[in-house]
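Student: Please take one part of this model and go through it closely. I would like a connected account rather than a list.

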Amino acid sequence: MSANFQLRSNFKPRGDQPGAIQTLVDGFSHPSARQVLLGVTGSGKTFTVANVIQELQVPTLVIAPNKTLAGQLYTEFCELFPENAVEFFVSYYDYYQPEAYLPSSDTYIEKDARINEKIDRMRNSATVSLLHRKDVIVVASVSSIYGLGDPENYRSLALNLQVGEELSREELLRGLVRTQHRRVEQDFRPGSFRVRGNCVEIWPIQEEDNLLSVELNQNRIESLLFCDSLSGEILSHTESVNIFPVGHYVQPEEKLPRALQTIRKECEERVRELLLKGKGLEAERLQRRVFADLDEMEELGICHGIENYARHLEGRVPGQPPFTLLNYFPQDFLCVMDESHVSLPQLYGMVRGDSSRKKNLIEHGFRLPSALDNRPLGEPELEGLLRRVLYVSATPTDREKGLANHKIAEQIVRPTGLLEPLCEIRSATGQVEDALHQCRLEVKKENRVLVTTLTKRSAEDLTEFLQESGLKARYLHSDIDTLERAALLRDLRIGVYDILVGINLLREGLDLPEVSLVLVLDADREGFLRSETSLTQTCGRAARHLDGRVIFYADKETKSIKNTIKEAKRRRKIQEEHNRIHGITPASVNKKIAALFGEKDSQVDSLDEIQDFSALAEKKKSIQKEMLAAAGDLDFENAIHLRDELRRLEALELDLRG
């Protein structure tokens with residue numbers, strides 16, 4: 001484990017990067033400095049940020065506007081800082097229906113959610129790293145400003161185990177149960193433990209593959225061993241280790257009685273208030289629900305919807321902001337707001353929607369008024385937790401510039417010498433047919449295409465049309481879950497398909513060097529998705545390719561289209577002049593296709609080697625042989641990985657056969 005950030009890269013800062021890095025590092029010598037990095041797409045903003053982190057040597061929070069971009073940034077930082085703790089913190093819900101009440105139809109909607117266990121593990125890994133390391137980069141989404149539980153409680157409840165310490169097996173088991181670890185025999189997974197005589201095997205919630213074996217001898221810890229969860233192979237010995245709670249709302253035993261008392265008191269006061277208003281039904285409903293929750297908490301230490309009682313459990317006063325991920329960082333941390341023109345208003349606006357929904361629940365007796373204090377941070381509260389802030393965007397707004405006192409570092413020139421893509425306008429009449437023709441031309445050149453539409457339905461319909469026309473196309477929108485989105489983008493890069501159709505998710509930050517053409521349908525529909533900022537960002541998706549082009553389908557040149565093309569020409573002129581002076585020949589970005597979320601590298605990094613069915617069959621045969629050999633050696637983890645690669649090739653074969 002490294003105590004300092006160690007940036008590992010074969011590249012050196014080039015183009016505008018050296019100047020931008022120096023400007024930012026100098027500016028951040030002040031502990032509360034705020035700056036803007038205005039960097040065009042493909043100018044290496046992430047690499048610039050990595051160099052700033054390397055120079056400052058402080059824990060860093062990188063906030064992205066969506067899960068897709070967060071996943072991409074996480075992968076990039078893992079590559080740049082392989083020896084440091086790079087963590088991932090986004091919402092762990094694959095599906096989420098919040099609790100709500102609709103008075104007009106007297107409809108109560110119970111909270112319904114499907115939790116992604118892998119992302120839950122990664123969230124816990126992030127907070128564990130922040131509490132015992134300094135070299136931590138956390139890539140997060142808007143989830144970072146939602147209530148998370150008191151970091152002091154989380155830290156104090158950790159079980160500190162040391163070799164030679166006097167500890168009975170019963171005391172250890174009680175401690176594990178108190179921190180919400182489950183005792184199991186068969187379904188062993190992160191967040192659980194099992195007993196094997198004097199050996200207690202614990203699978204820490206933040207670990208993906210490693211479990212901890214605690215060997216006890218006469219009420220004393222004899223050894224602490226980290227083992228492979230699949231094979232049982234001993235990986236390392238350790239003298240001490242901290243076992244953190246499963247989840248962030250676990251409370252110390254001594255705090256729970258006080259919390260139960262204040263919850264009961266608030267319930268009694270609220271019931272009296274409702275009865276005085278003549279709301280007997282609401283009063284009875286509230287009392288029944290709260291008392292049932294209190295019984296569960298007394299018995300189990302937890303209940304369904306326990307986050308709604310967070311204010312009482314954490315001992316906060318009414319109106320006091322909740323603890324969030326930001327409270328787990330030390331005071332000198334750096335906050336990087338990627339694509340700040342989107343992420344900043346998104347962060348500021350979350351609290352209003354949450355408050356509106358909960359007020360309905362409170363008014364009609366489904367929740368106590370204190371539930372309002374389980375919420376995302378408001379603008380003043382968020383600003384109060386931030387010190388050093390870097391706003392990163394190709395299109396920063398006046399808000400970021402104002403917060404940064406107009407301290408702007410520009411990156412217009414790309415290290416590769418690539419120019420802004422050429423933009424043209426074509427009639428929206430017959431846009432689908434022309435889009436099909438343009439896609440076919442690019443596919444013949446073995447390039448990739450992005451197509452942006454205005455609605456999910458139109459994205460799905462256009463994808464179906466392209467597929468029926470013999471092209472390999474997929475669609476990407478918000479209904480696609482987090483990990484599948486990253487897989488879709490990766491498959492586009494390696495050539496499993498050639499065309500990706502989407503809406504807003506195709507705009508900010510997607511790093512797809514193989515994309516040579518971006519088609520913007522209905523570009524003259526002025527609005528959020530067709531504003532100057534949106535169009536400029538969309539154009540950037542073609543900026544990593546030597547032959548990058550953008551086609552706007554529009555029957556009129558709106559102000560947004562005009563300004564977008566004007567800015568593209570300005571940047572292109574600066575880039576051409578720099579290339580001329582320094583004798584630079586532009587070259588397309590050649591970027592390694594990384595594994596997804598820290599998984600093993602794919603067997604198929606490129607489809608160049610399997611251009612015909614015989615080569616494809618040979619590749620399938622080779623992977624199948626490896627898979628069977630791995631299964632025979634009881635290396636089931638590798639066998640599963642190879643099985644997934646085999647399925648990928650089978651899907652490709654179906655596409656090739658049409």
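Tutor: Two strands are taken as paired here if DSSP finds at least two bridges between them. The model is a predicted one, and the part to look at is strand 12 with its two neighbours in sequence.

A hairpin of six residues leads from strand 12 to strand 13. Strand 13 covers residues 210–216, runs antiparallel to strand 12 and is joined to it by four bridges. On the other side in sequence, strand 11, residues 192–196, is also antiparallel to strand 12, with five bridges between them. Strand 11 and strand 12 form a hairpin too, with two residues between them. Gly-197, in that turn, has a positive phi of about 65°.

Glu-201 of strand 12 can be followed in both directions. Its bridge partner in strand 11 is Arg-194, and in strand 13 the bridge partner of Glu-201 is Ser-213.

Strand 12 spans residues 199–203, and five of its five residues are buried, so the strand is largely enclosed by the rest of the structure. Buried here means under 20% relative accessible area. Cys-199, Glu-201 and Trp-203 point one way from the strand, while Val-200 and Ile-202 point the other way. Both sets are buried. Glu-201, with its bridge partners Arg-194 and Ser-213, is thus one of the buried residues.

Two other glutamates, both in loops, can be set beside this one. Glu-339 lies in the loop between strand 17 (334–338) and helix 10 (340–363). Its phi is positive, about 50°, although the residue is not a glycine. Glu-339 is buried, with a relative accessible area of 4%. Glu-446 sits in the loop between helix 13 (431–444) and strand 21 (448–452). Glu-446 also has a positive phi, near 65°, and is likewise a residue other than glycine. Its relative accessibility is 55%, and therefore Glu-446 counts as exposed.

A helix pair gives another antiparallel arrangement. The axes of helix 7 (residues 256–276) and helix 8 (residues 280–300) come within 9 Å and cross at roughly 170°, which means that helix 7 is roughly antiparallel to helix 8. The residues of this contact divide into 13 nonpolar, two polar and four charged. Helix 7 contributes residues including Leu-260, Ile-263 and Arg-264, and helix 8 contributes residues including Leu-286, Phe-291 and Glu-298.

Definitions and conventions:
Residues are numbered from 1 along each chain as its sequence is written. This is a predicted model: local features need pLDDT of at least 70, side-chain atom pairs count only at pLDDT 80 or more; totals for chains, interfaces and linings use all residues. Side-chain values use heavy atoms; hydrogens and water are left out. Axes are lines fitted to C-alpha atoms, for helices over the stretch in contact, and angles run from 0 to 180 degrees between N-to-C directions. Angles under 35 degrees count as roughly parallel, over 145 as roughly antiparallel, 65 to 115 as roughly perpendicular and the rest as oblique. Contact means heavy atoms within 4.5 Å. Ala, Val, Leu, Ile, Met, Phe, Trp, Tyr, Cys and Pro count as nonpolar, Asp, Glu, Lys and Arg as charged, and the others, Gly among them, as polar. Buried means under 20% relative accessible area, exposed over 50%, partly exposed in between (1.4 Å probe, protein chains only).
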